[in-house]
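Student: I should like a close look at a single part of this structure, set in the context of the whole chain. Please take the material in a connected order.

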Amino acid sequence: MTISRAPRPPGEGGEAPGRSGDRAAAALALCREKGIALTPSRRRILEILAIEGRPLGAYEMIDRVALATGKRPAPISIYRALDFLLESNLIHRLTSRNAYLACGHGHAAREPIVFLICETCGEVVEATSHELNGSLAGLVEKAQFSPRATVMEVAGRCRTCAIA
Ligand SMILES: [Zn+2]
Ligand SMILES: [Zn+2]
């Protein structure tokens, strides 16, 4: 199983300075690797999500963009940009929270993803698993189903919160 820990919000987890900037750089490097050209507004949204390191709702995103640019964007433009980033597999959507988060891994679009969501501290960990990939591939093949995306969400308590 491959686990990527979405870093905690600043001030909560003692994250080393510069990490959020690194995440933004990594997200943009991934775009270049995939040959995806981003408009300035889409690029800004991806950077905001990468720096944030936790899921953000569309309206929180509008606030962030307004803060960064001094101009409040129309919700439709934010939704369009988020849709584009989702289709490009650069971000994921957490259905249960109606929120978005940057991926930054560059795994295959059809690879199943499991989100481990801590209901106490809000930490979201993205995990993938070859075993899971194999069993799900067998399952959809049997059903002759063409999956677009496979995202699972597991809610509960993270290791830190479970022992607190
Ligand atoms: Zn991902
Ligand atoms: Zn927790």
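Before the close look, which pattern does the protein follow when read along the sequence? After that, please concentrate on helix 1 and its surroundings: which residues of helix 1 are buried, and what do they pack against?

Tutor: The model is a predicted one. Read along the sequence, its pattern is β-α-α-β-α-α-β-β-β-β-α-β-α, with six helices and seven strands in the protein. Of the 164 residues, 23% are buried. Among contacts with a separation of 6 or more, 63% join residues 24 or more positions apart.

Helix 1 has 16 residues. From its first C-alpha to its last it reaches 23 Å, close to the 22 Å expected at 1.5 Å a residue. Its buried residues are Arg23, Ala24, Ala27 and Leu30. These four lie on the same side of helix 1, because they cover an arc of only 120° around the axis. The face turned away from that buried side carries the exposed residues Gly21, Ala29, Arg32 and Glu33. Just after helix 1 comes Gly35, whose phi is positive, at about 70°.

The buried residues of helix 1 pack against helix 2 and strand 4, and these two partners lead to the interior of the protein. The largest nonpolar core has 23 residues, and those with the most contacts inside it are Leu46, Leu49, Leu90, Ile91 and Ala102. At least two residues of this core come from each of helix 1 (19–34), helix 2 (40–52), helix 3 (58–69), helix 4 (75–87), strand 4 (99–102) and strand 5 (113–118). Helix 2 gives the largest share, four residues. Leu46 shows how these parts meet: leaving aside its neighbours within four places in sequence, Leu46 is in contact with Ala27, Leu38, Leu85, Leu90, Ile91 and Ala102. One of these partners, Ala27, is also among the buried residues of helix 1.

Strand 4, the other partner of helix 1, belongs to a sheet. This open sheet has three strands in the order 2-4-3, with antiparallel pairing. Its edge strands are strand 2 (56–57) and strand 3 (91–94), each of which pairs on one side only. Helix 2 packs on the sheet and touches strand 2, strand 3 and strand 4. The direction of helix 2 makes about 85° with that of strand 4. In general, strands of a sheet pair through backbone hydrogen bonds, either parallel or antiparallel. Strand 3 and strand 4 pair in the antiparallel sense over four bridges, and Leu94 stands opposite Ala99 in strand 4.

Two asparagines in the loops around strand 3 complete the picture. Asn89 lies in the loop between helix 4 and strand 3, and its phi is near 65°, a positive value in a residue other than glycine. Asn89 counts as partly exposed because it has 19 C-beta neighbours inside 10 Å, whereas a buried residue needs 20 or more. Asn98 is found in the loop between strand 3 and strand 4. Its phi is also positive, near 50°, again in a residue other than glycine. Asn98 has 11 other C-beta atoms within 10 Å and is therefore exposed, the limit for that class being 12 or fewer.

Technical notes: Residues numbered from 1 in each chain as written. Chains lettered and ligands numbered in written order. Predicted model: local features only at pLDDT ≥ 70, side-chain atom pairs only at ≥ 80, totals over all residues. Contact = placed C-beta atoms within 7 Å. Core = buried A, V, L, I, M, F, W, Y, C linked by C-beta atoms within 7 Å. Pairing = 2+ DSSP bridges. Axes fitted to C-alpha atoms, helices over the stretch in contact; angles between N-to-C directions. Expected span 1.5 Å × (residues − 1). Arc of directions from axis to C-beta.
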